[in-house]
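Have a look at the protein below and turn it around a few times. The notes after it are a guided walk through some of its parts.

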Amino acid sequence: MLSVPDYEFWFVTGSQHLYGEEQLKSVAKDAQDIADKLNASGKLPYKVVFKDVMTTADGITKFMKEVNYNDKVAGVITWMHTFSPAKNWIRGTELLQKPLLHLATQYLNNIPYDTIDFDYMNLNQSAHGDREYAYINARLQKNNKIVYGYWGDAEVQDEIARWEDVAVAYNESFKVKVARFGDTMRNVAVTEGDKVQAQIQMGWTVDYYGIGDLVKEINAVNDADVDKEYADLESRYEMVQGDNDAETYKHSVRVQLQQYLGIKHFLEKGGYTAFTTNFEDLYGMEQLPGLAAQLLIRDGYGFGAEGDWKTAALGRVMKIMSHNKQTAFMEDYTLDLRKGHEAILGSHMLEVDPSIASDKPRVEVHPLDIGGKADPARLVFTGSEGDAIDVTVSDFRDDFKMIGYEVAAHKPEAETPNLPVAKQLWTPKAGLKNGALAWMQAGGGHHTMLSFALTLEQMEDFATMVNMNKAFIK
Ligand code: MN
């Protein structure tokens, strides 16, 4: 997997000096305890670091500036242990340029009827302190997340964990660089978009390269490296020669491995973490990149076919969010419209992510009736079963819009002997008819990211962080 820095989240709790030093010490102790136990829960993908009790506008402003400046910090988690007059938070919160999670919780999860007194009430004012604080975030339109509930509950810890992954993906989104080998497939509309706006809003850099630059890199790959990759392939996957003679099979696979290494070198040199291809633009390449693209996707690179840079960048973001688990580039391929069987069969010409495989992928070589190139090697496998989400991003000129729904994923009912590609079946939870209808009415395209590892709420949170329009079909 392409690496992601080991981020941390800074945690502060709000209070004020009205209650005296003794109370402030208790506030700090309780907040430290929450941070320690959240870290010890084993649920959080990134560490929470308790920084301080925030009592003044100057202190809060200084803290937020430090958050912005420190590359190690992915975001801020706040909690109001006591009442914390929210005018103190205005300047600092306005300056904050990273994701903000307001943890609306209380140190104890019960009301201690027998012992409760005014000292307890002075110290434990989250019930109204968190509302005062939430008001100012709403008024400042911070697009922050609020997680509500007892911090010791597994459910609340899971919510924090999922948000951390989104917040890290947001930080990393501003580092996503897409290399486009070839432009958009001719005349296709939905894969187009405003790259300048995408960079402003999501931080995605999208650069075009003529195919000749890539071919040069592919031709420079040495045989010994291809040998090594071939051995690695044999150790991971099933090598299925099929109707090909041994030499043709091996040659076809080696061509893909050479492309894999060539594209990888090219991306590494330029600092790219995602790429697109276009089967109309392959001059000097022997095969369309099939297995080559699949291995790069496996390694954590975002990918979009036919020049689809939006899905390539979204794919990279979602791979960061999911820790590169069960998250795949997809295309709505063909439909089962029979009553009781309603489903979409998802696939692509070749470039399907093996992270969703439920069986051991097979390396196969077959002809491809498009593109006019030699028979490409590809990984063939069956997708998985379970709850998943499917999302896409379209550009409507005035704004990007994320469209998505939850799906029930399953395996195809039967083999497709004459369609040797990786396949995944799914049905929108809203129903095929209602789901597909709403998707099309919202203007969602055919290229999507399917994930078993992420939730729709996480994608909504990401869309909120980057101020993108949303059409989530429930
Ligand atoms: Mn396509």
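What follows is a short tour, going from two annotated domains to a metal site, a helix, some salt bridges and a few single residues. One thing to keep in mind from the start: this is a predicted model.

**Two annotated stretches**

Let's begin with the big picture from the UniProt record. An unreviewed entry there lists residues 177-324 as "domain: L-arabinose isomerase central". The same kind of annotation, again from an unreviewed entry, puts "domain: L-arabinose isomerase C-terminal" at residues 327-468. How much helix and strand does the span 177-324 hold? The span 177-324 is 51% helix and 12% strand, and its end C-alpha atoms are 17 Å apart. For residues 327-468, the figures are 14% helix and 38% strand, with 21 Å between the end C-alpha atoms.

**The manganese site**

Now find the metal. Which residues coordinate the manganese ion? Two glutamates and two histidines do the job: Glu 306 and Glu 331 each offer an OE atom, while His 348 and His 447 each offer NE2, at 2.0 to 2.2 Å. Written along the sequence, the spacing of these donors is E-x24-E-x16-H-x98-H. Glu 306 sits in the loop between β10 (302-304) and α12 (309-321), and His 447 is in strand β18 (residues 447-451), so this pair ties together parts of the chain that are 141 residues apart in sequence. If you go looking for Glu 306 and His 447 on the surface, you'll have trouble: both are buried.

**A helix with two faces**

Next, zoom in on helix α8, which runs over residues 211-219. Its buried residues are Ile 211, Leu 214, Val 215, Glu 217 and Ile 218. Look down the axis of α8 and these buried residues fall within an arc of 160°, so they line one face of the helix. What does the face turned away from the buried side carry? There you'll find the exposed residues Lys 216 and Asn 219.

**Salt bridges**

Searching the whole structure turns up 20 salt bridges. Here are three of them, with the distance between the closest N and O atoms.

| Salt bridge | N to O distance |
|---|---|
| Arg 298 and Asp 299 | 3.1 Å |
| Asp 336 and Arg 338 | 2.8 Å |
| Arg 362 and Asp 359 | 3.9 Å |

How do these pairs sit with respect to the surface? The cut-off for buried is under 20% relative accessible area. Arg 298 counts as buried because its relative accessibility is 16%, and Asp 299 is buried too, at 13%. In the second pair, Asp 336 is buried at 18%, whereas Arg 338 is partly exposed with a relative accessible area of 44%. In the third pair, Arg 362 is partly exposed at 22%, and Asp 359 is partly exposed at 27%. Salt bridges can also share partners: that is how Lys 145, Glu 457 and Asp 461 are joined into one network.

**A nonpolar patch on the surface**

Where do nonpolar side chains show up on the outside? Ile 111, Tyr 113, Ile 116, Phe 118 and Met 121 make a nonpolar surface patch of about 570 Å². One of them, Ile 116, is in the loop between β4 (100-104) and α4 (118-123). Ile 116 counts as partly exposed because its relative accessibility is 33%.

**Some single residues to look up**

Two asparagines have a backbone angle worth checking. Phi of Asn 143 is near 55°, a positive value in a residue other than glycine. Asn 143 is in the loop between α5 (126-139) and β5 (145-148), and it is partly exposed at 31% relative accessible area. Asn 467 also has a positive phi, near 60°. Its place is the loop between α14 (456-465) and β19 (469-473). Is Asn 467 buried or exposed? With 52% relative accessibility, Asn 467 counts as exposed.

Last stop: Trp 439, in helix α13 (residues 432-441). At 4% relative accessibility, Trp 439 counts as buried. Its C-alpha atom is separated by 25 Å from that of Asn 278, a residue 161 positions away along the chain.

Definitions and conventions. Residues numbered from 1 in each chain as written. Predicted model: local features only at pLDDT ≥ 70, side-chain atom pairs only at ≥ 80, totals over all residues. Heavy atoms only, no water. UniProt positions renumbered as here; feature names shortened; annotations may be inferred. Helix = DSSP H or I, 4+ residues; strand = E, 2+ residues; numbered from the N terminus. Patch = residues over 30% accessible without salt bridge, like charges linked within 9 Å, V, L, I, M, F, W, Y side chains within 5 Å. Areas by Shrake-Rupley, 256 points an atom, 1.4 Å probe, with all protein chains shown as cover. Salt bridge = Lys/Arg side-chain N within 4 Å of Asp/Glu carboxyl O. Buried < 20%, exposed > 50% of the residue type's maximum accessible area, 1.4 Å probe, protein only. Donors = N, O, S within 2.8 Å, 3.2 Å for Na, K, Ca; no water. Arc of directions from axis to C-beta.
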